[in-house]
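Colleague: I am new to this structure and would like a close look at one part of it, with the terms explained along the way. Please take your time over the answer.

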Amino acid sequence: VMMLLVTAIPASRHRNIRIYESPELMGAFLGVLKDGQARGVLNNRVSSKVLLDVFMGILGRVGLMHILRADKQPITDQFDELFHILWRAMSAD
């Protein structure tokens with residue numbers, strides 16, 4: 001699914017994918033990010049939409065490359081380090 005989404009669907013058509021149009025899902029993601037920004041936990045020098053892009057971009061790229069490289073080691077074996085990288089990218093400082 002990840003490879004199909006990234007390679008077969010032009011970026012200009014992503015907005016037509018129903019999951020991205022879901023106000024409930026995207027609203028929930030953005031709400032959590034906005035709350036984290038308001039509490040001073042997440043970077044508030046960029047919009048919550050940019051934080052969502054960072055989150056989805058990192059996870060999407062890591063997932064896609066895991067598939068393309070045909071890694072034998074489960075990606076979950078690197079969970080702690082991947083979370084640390086993602087957290088550093090999004091945290092307030």
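Modeller: Accessible areas here come from the Shrake-Rupley method with a 1.4 Å probe, and on that basis the accessible surface of the protein comes to about 6900 Å², with 61% of it belonging to carbon and sulfur atoms. The model is predicted, so that local features need pLDDT of at least 70 and side-chain atom pairs count only at pLDDT 80 or more, while totals for chains, interfaces and linings use all residues. Residues are numbered from 1 along each chain as its sequence is written, and side-chain values use heavy atoms, leaving out hydrogens and water.

The protein has 5 helices and 0 strands, where helices (H or I, at least four residues) and strands (E, at least two) are DSSP runs numbered from the N terminus. Of the 93 residues in the protein, 23% are buried, meaning under 20% relative accessible area with a 1.4 Å probe, protein chains only.

Now to the chosen part: the axes of helix α4 (residues 48-68) and helix α5 (residues 79-90), which are lines fitted to C-alpha atoms over the stretch in contact, with angles running from 0 to 180 degrees between N-to-C directions, come within 10 Å and cross at roughly 155°. That makes α4 roughly antiparallel to α5, a term used for angles over 145 degrees.

In this pairing, L51, V54, F55, I58, L59 and V62 of α4 meet L82, L86, A89 and M90 of α5, contact being heavy atoms within 4.5 Å. The residues of this contact divide into 10 nonpolar, no polar and no charged, with Ala, Val, Leu, Ile, Met, Phe, Trp, Tyr, Cys and Pro counted as nonpolar, Asp, Glu, Lys and Arg as charged, and the others, Gly among them, as polar.

Technical notes. Angles under 35 degrees count as roughly parallel, over 145 as roughly antiparallel, 65 to 115 as roughly perpendicular and the rest as oblique. Buried means under 20% relative accessible area, exposed over 50%, partly exposed in between (1.4 Å probe, protein chains only).
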